[in-house]
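User: I would like to learn how to read a few features of a protein model. Can we go through them one at a time?

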Amino acid sequence: MVSEPTGAPLLEARGIVKSFGKVRALRGADFEVRPQEVVALVGDNGAGKSTLVKTLAGVHPTDGGEILFEGSPVTIRSPLDARALGIETVYQDLALAAELDPASNLFLGREIMRSGPLGRLGFLDKRAMRRQSDEAFERLSVAIQDVDLPVATMSGGQRQGIAVSRAVMWASKVVFMDEPTAALGVVQTRNVLDLIARVKDHGLSVVLISHNMPEVLEVADRIEVLRLGERVAQFRRGDVTMEDIVGAMTGALQQGGGA
(Lines give C-alpha, C1' and ligand atoms only; values in the text may rest on other atoms or scores of the structure.)
Protein backbone atom coordinates (compact mmCIF):
# COMPACT_ATOMS: atom_id res chain seq x y z
CA MET A 1 0.00 0.00 0.00
CA VAL A 2 1.43 3.37 -1.05
CA SER A 3 1.28 6.09 1.61
CA GLU A 4 -0.45 9.40 0.90
CA PRO A 5 1.88 12.33 0.15
CA THR A 6 1.38 15.36 2.35
CA GLY A 7 0.85 18.97 1.33
CA ALA A 8 -1.16 20.54 -1.48
CA PRO A 9 0.19 20.19 -5.02
CA LEU A 10 2.16 23.12 -6.37
CA LEU A 11 1.58 22.12 -10.00
CA GLU A 12 -1.11 19.66 -10.99
CA ALA A 13 -2.32 18.21 -14.28
CA ARG A 14 -5.75 16.62 -14.45
CA GLY A 15 -6.94 14.52 -17.36
CA ILE A 16 -4.54 15.99 -19.91
CA VAL A 17 -5.29 14.93 -23.49
CA LYS A 18 -2.93 15.52 -26.41
CA SER A 19 -2.94 14.07 -29.91
CA PHE A 20 -0.65 14.46 -32.89
CA GLY A 21 -2.78 13.59 -35.88
CA LYS A 22 -4.12 10.11 -35.23
CA VAL A 23 -1.61 9.40 -32.47
CA ARG A 24 -3.00 9.94 -28.95
CA ALA A 25 0.10 10.73 -26.89
CA LEU A 26 -1.81 11.56 -23.70
CA ARG A 27 -5.12 9.89 -22.85
CA GLY A 28 -6.24 11.75 -19.74
CA ALA A 29 -2.89 11.95 -17.95
CA ASP A 30 -2.64 13.14 -14.36
CA PHE A 31 0.44 14.49 -12.62
CA GLU A 32 1.37 16.50 -9.56
CA VAL A 33 4.41 17.94 -7.84
CA ARG A 34 4.43 19.41 -4.37
CA PRO A 35 6.53 22.28 -3.01
CA GLN A 36 10.23 21.50 -2.60
CA GLU A 37 10.12 17.86 -3.62
CA VAL A 38 11.80 15.79 -6.30
CA VAL A 39 9.30 13.83 -8.38
CA ALA A 40 10.44 11.29 -10.94
CA LEU A 41 8.25 10.87 -14.01
CA VAL A 42 8.95 7.45 -15.48
CA GLY A 43 7.55 5.23 -18.18
CA ASP A 44 8.56 3.17 -21.18
CA ASN A 45 9.26 4.75 -24.57
CA GLY A 46 6.01 6.17 -25.93
CA ALA A 47 4.41 6.45 -22.48
CA GLY A 48 3.89 10.19 -22.92
CA LYS A 49 6.49 11.56 -20.51
CA SER A 50 8.04 14.13 -22.83
CA THR A 51 4.67 15.17 -24.21
CA LEU A 52 3.29 15.75 -20.72
CA VAL A 53 6.32 17.80 -19.72
CA LYS A 54 6.08 19.87 -22.89
CA THR A 55 2.42 20.63 -22.23
CA LEU A 56 3.28 21.81 -18.71
CA ALA A 57 6.23 23.81 -20.07
CA GLY A 58 4.09 25.52 -22.70
CA VAL A 59 5.65 23.88 -25.75
CA HIS A 60 2.49 21.94 -26.74
CA PRO A 61 -1.03 23.26 -26.11
CA THR A 62 -3.34 20.69 -24.55
CA ASP A 63 -6.35 19.27 -26.37
CA GLY A 64 -8.21 18.72 -23.11
CA GLY A 65 -7.87 18.52 -19.35
CA GLU A 66 -6.91 21.06 -16.73
CA ILE A 67 -3.70 22.48 -15.28
CA LEU A 68 -3.68 23.96 -11.79
CA PHE A 69 -0.93 26.06 -10.26
CA GLU A 70 -1.01 26.66 -6.51
CA GLY A 71 -4.59 25.40 -6.53
CA SER A 72 -5.92 27.70 -9.26
CA PRO A 73 -6.62 26.78 -12.90
CA VAL A 74 -4.10 28.25 -15.34
CA THR A 75 -3.62 28.27 -19.10
CA ILE A 76 -0.07 27.64 -20.32
CA ARG A 77 0.00 28.52 -24.01
CA SER A 78 3.73 29.14 -24.41
CA PRO A 79 7.06 28.80 -22.57
CA LEU A 80 6.67 32.47 -21.61
CA ASP A 81 3.46 31.58 -19.73
CA ALA A 82 5.33 28.80 -17.91
CA ARG A 83 8.22 31.13 -17.07
CA ALA A 84 5.78 33.70 -15.68
CA LEU A 85 4.64 31.02 -13.21
CA GLY A 86 8.24 30.26 -12.21
CA ILE A 87 8.61 27.08 -14.28
CA GLU A 88 11.83 26.36 -16.19
CA THR A 89 12.87 23.30 -18.19
CA VAL A 90 16.25 21.70 -18.87
CA TYR A 91 15.74 19.69 -22.06
CA GLN A 92 17.87 16.71 -22.97
CA ASP A 93 19.65 18.69 -25.72
CA LEU A 94 20.31 21.45 -23.10
CA ALA A 95 19.47 24.22 -25.62
CA LEU A 96 22.82 25.94 -25.09
CA ALA A 97 24.49 28.24 -27.61
CA ALA A 98 27.70 26.30 -28.18
CA GLU A 99 29.83 29.25 -29.31
CA LEU A 100 28.91 31.50 -26.38
CA ASP A 101 30.49 31.53 -22.92
CA PRO A 102 28.60 30.34 -19.82
CA ALA A 103 27.42 33.80 -18.70
CA SER A 104 26.03 34.57 -22.16
CA ASN A 105 24.13 31.28 -22.05
CA LEU A 106 22.64 31.98 -18.65
CA PHE A 107 21.29 35.31 -19.91
CA LEU A 108 20.41 34.16 -23.43
CA GLY A 109 17.25 36.04 -24.38
CA ARG A 110 17.26 37.92 -21.05
CA GLU A 111 20.41 39.98 -21.45
CA ILE A 112 21.18 42.88 -19.14
CA MET A 113 21.68 46.12 -21.01
CA ARG A 114 24.06 48.88 -20.03
CA SER A 115 22.47 51.85 -18.29
CA GLY A 116 21.98 55.16 -20.06
CA PRO A 117 22.60 55.88 -23.75
CA LEU A 118 24.82 52.82 -24.27
CA GLY A 119 22.02 50.51 -23.23
CA ARG A 120 19.61 52.22 -25.59
CA LEU A 121 22.13 51.64 -28.35
CA GLY A 122 22.16 47.90 -27.59
CA PHE A 123 25.33 47.55 -25.50
CA LEU A 124 25.26 44.66 -23.01
CA ASP A 125 26.32 44.92 -19.38
CA LYS A 126 28.67 41.93 -19.58
CA ARG A 127 30.20 42.65 -16.19
CA ALA A 128 26.83 42.40 -14.43
CA MET A 129 25.94 39.20 -16.29
CA ARG A 130 29.31 37.68 -15.46
CA ARG A 131 28.95 38.56 -11.77
CA GLN A 132 25.45 37.11 -11.48
CA SER A 133 26.49 33.99 -13.39
CA ASP A 134 29.43 33.42 -11.07
CA GLU A 135 27.06 33.74 -8.10
CA ALA A 136 24.66 31.22 -9.66
CA PHE A 137 27.45 28.70 -10.24
CA GLU A 138 28.73 29.19 -6.69
CA ARG A 139 25.29 28.68 -5.13
CA LEU A 140 24.94 25.31 -6.83
CA SER A 141 28.64 24.35 -6.55
CA VAL A 142 28.94 24.09 -10.33
CA ALA A 143 32.65 24.06 -11.21
CA ILE A 144 33.50 25.90 -14.44
CA GLN A 145 37.25 25.86 -15.02
CA ASP A 146 37.36 28.76 -17.49
CA VAL A 147 34.27 30.97 -17.73
CA ASP A 148 35.65 32.74 -20.80
CA LEU A 149 35.61 29.65 -23.01
CA PRO A 150 32.67 28.77 -25.26
CA VAL A 151 30.55 25.94 -23.87
CA ALA A 152 31.39 23.85 -26.96
CA THR A 153 34.81 23.22 -25.42
CA MET A 154 33.42 21.98 -22.10
CA SER A 155 32.57 18.51 -20.83
CA GLY A 156 29.06 17.08 -20.82
CA GLY A 157 28.87 17.46 -17.07
CA GLN A 158 29.88 21.12 -17.22
CA ARG A 159 27.34 21.83 -19.93
CA GLN A 160 24.65 20.12 -17.88
CA GLY A 161 25.64 22.23 -14.88
CA ILE A 162 25.36 25.40 -16.96
CA ALA A 163 21.91 24.43 -18.24
CA VAL A 164 20.68 23.60 -14.73
CA SER A 165 22.16 26.81 -13.32
CA ARG A 166 20.34 28.81 -15.98
CA ALA A 167 17.04 27.13 -15.11
CA VAL A 168 17.52 27.66 -11.37
CA MET A 169 18.51 31.29 -11.88
CA TRP A 170 15.18 32.06 -13.53
CA ALA A 171 12.86 29.53 -11.87
CA SER A 172 11.04 30.41 -8.68
CA LYS A 173 8.89 27.29 -8.32
CA VAL A 174 9.60 24.25 -10.54
CA VAL A 175 12.47 22.92 -12.66
CA PHE A 176 11.86 20.10 -15.15
CA MET A 177 14.91 18.01 -16.02
CA ASP A 178 14.64 15.69 -19.02
CA GLU A 179 17.11 12.77 -18.80
CA PRO A 180 19.82 14.94 -17.19
CA THR A 181 22.39 12.14 -16.88
CA ALA A 182 22.00 10.68 -20.37
CA ALA A 183 25.38 10.16 -22.07
CA LEU A 184 27.33 11.23 -18.96
CA GLY A 185 30.14 9.31 -17.31
CA VAL A 186 30.08 8.01 -13.75
CA VAL A 187 31.68 11.06 -12.13
CA GLN A 188 29.61 13.53 -14.15
CA THR A 189 26.43 11.62 -13.33
CA ARG A 190 27.29 11.77 -9.63
CA ASN A 191 27.73 15.53 -9.89
CA VAL A 192 24.37 15.97 -11.60
CA LEU A 193 22.56 13.87 -8.98
CA ASP A 194 24.15 15.97 -6.24
CA LEU A 195 23.11 19.05 -8.18
CA ILE A 196 19.46 17.92 -8.16
CA ALA A 197 19.60 17.69 -4.36
CA ARG A 198 21.06 21.20 -4.15
CA VAL A 199 18.31 22.57 -6.38
CA LYS A 200 15.75 21.14 -3.97
CA ASP A 201 17.66 22.60 -1.02
CA HIS A 202 17.29 26.02 -2.64
CA GLY A 203 13.52 25.73 -2.26
CA LEU A 204 12.55 24.55 -5.74
CA SER A 205 10.57 21.54 -6.84
CA VAL A 206 12.27 19.24 -9.35
CA VAL A 207 10.56 16.99 -11.89
CA LEU A 208 13.04 14.35 -13.08
CA ILE A 209 12.30 12.48 -16.30
CA SER A 210 14.52 9.40 -16.36
CA HIS A 211 14.85 5.80 -17.49
CA ASN A 212 17.52 5.09 -14.88
CA MET A 213 15.76 3.36 -12.00
CA PRO A 214 18.69 3.33 -9.54
CA GLU A 215 19.06 7.11 -9.98
CA VAL A 216 15.32 7.58 -9.56
CA LEU A 217 15.29 5.60 -6.33
CA GLU A 218 18.26 7.58 -5.06
CA VAL A 219 17.07 11.15 -5.60
CA ALA A 220 13.27 11.15 -5.97
CA ASP A 221 10.90 11.69 -3.07
CA ARG A 222 8.05 10.29 -5.17
CA ILE A 223 7.72 8.42 -8.44
CA GLU A 224 4.83 8.81 -10.89
CA VAL A 225 4.47 6.21 -13.64
CA LEU A 226 2.97 6.85 -17.07
CA ARG A 227 1.83 4.06 -19.35
CA LEU A 228 0.16 4.54 -22.73
CA GLY A 229 -0.55 8.20 -22.03
CA GLU A 230 -2.06 7.78 -18.56
CA ARG A 231 -0.75 7.82 -15.00
CA VAL A 232 -0.99 4.28 -13.73
CA ALA A 233 0.84 4.47 -10.39
CA GLN A 234 2.34 6.72 -7.75
CA PHE A 235 4.91 5.62 -5.21
CA ARG A 236 6.90 7.07 -2.37
CA ARG A 237 10.58 6.20 -2.52
CA GLY A 238 10.72 4.33 0.78
CA ASP A 239 7.69 2.19 -0.06
CA VAL A 240 8.68 0.86 -3.46
CA THR A 241 11.15 -1.46 -5.15
CA MET A 242 12.59 -1.29 -8.63
CA GLU A 243 10.47 -4.33 -9.50
CA ASP A 244 7.31 -2.44 -8.48
CA ILE A 245 8.17 0.47 -10.75
CA VAL A 246 9.03 -1.72 -13.72
CA GLY A 247 5.85 -3.72 -13.13
CA ALA A 248 3.76 -0.55 -13.27
CA MET A 249 5.57 0.60 -16.42
CA THR A 250 4.90 -2.69 -18.21
CA GLY A 251 1.40 -3.29 -16.88
CA ALA A 252 2.39 -6.33 -14.82
CA LEU A 253 1.58 -4.47 -11.58
CA GLN A 254 -1.89 -3.03 -11.25
CA GLN A 255 -2.25 -0.22 -8.71
CA GLY A 256 -5.67 1.25 -8.09
CA GLY A 257 -6.13 4.93 -7.32
CA GLY A 258 -3.49 7.55 -6.63
CA ALA A 259 -0.70 7.73 -4.10
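**Helix H6**

Analyst: Start with a length check on helix H6, residues 156-170 of this predicted model. At 1.5 Å a residue, its 15 residues should span 21 Å, and the end C-alpha atoms are 22 Å apart, which agrees.

User: Is H6 enclosed by the rest of the structure or left open, and how many of its residues are buried?

Analyst: A residue is called buried when its relative accessible area is under 20%. In H6, 12 of the 15 residues meet that, so the helix is largely enclosed by the rest of the structure. Among them are Gly157, Gln158, Ile162, Val164, Arg166 and Met169.

User: What do the buried residues of H6 pack against?

Analyst: Their partners include three helices, H3 (102-106), H5 (126-139) and H7 (186-201). Two strands, S6 (87-90) and S7 (174-178), are also packed against the buried residues of H6.

**Positive phi**

User: How should I read backbone phi angles?

Analyst: Most residues other than glycine have a negative phi. Ala95 has a positive phi of about 55° although it is not a glycine. Ala95 sits in the loop between S6 and H3, and at 46% relative accessibility it counts as partly exposed.

User: Where does Leu228 lie, and is it buried or exposed?

Analyst: Leu228 lies in the loop between strand S9 (222-227) and strand S10 (230-236). Its relative accessibility is 52%, so Leu228 counts as exposed. Phi of Leu228 is also positive, near 50°.

**The sheet**

User: In what order do the strands of the four-strand sheet run, and is the pairing parallel or antiparallel?

Analyst: To read a sheet, list the strands in order across it, then look for the edges. Here the sheet is open, with the order S2-S1-S4-S5, and the pairing is antiparallel. Strand S2 (23-33) and strand S5 (72-74) stand at the edges with a single partner strand each, so one side of each has no neighbour in the sheet. From one strand to the next, the twist averages 30°.

User: How many bridges join S1 to S2?

Analyst: Eight bridges join strand S1 (residues 11-20) to S2, and the two run antiparallel. Within this pair, Val17 stands opposite Arg27 in S2.

User: Which strands does helix H1 touch?

Analyst: Helix H1 (residues 49-56) packs on the sheet and touches S1, S2 and strand S4 (64-69). The direction of H1 makes about 115° with that of S1.

Terms used: Residues numbered from 1 in each chain as written. Predicted model: local features only at pLDDT ≥ 70, side-chain atom pairs only at ≥ 80, totals over all residues. Heavy atoms only, no water. Expected span 1.5 Å × (residues − 1). Buried < 20%, exposed > 50% of the residue type's maximum accessible area, 1.4 Å probe, protein only. Contact = heavy atoms within 4.5 Å. Pairing = 2+ DSSP bridges. Axes fitted to C-alpha atoms, helices over the stretch in contact; angles between N-to-C directions.
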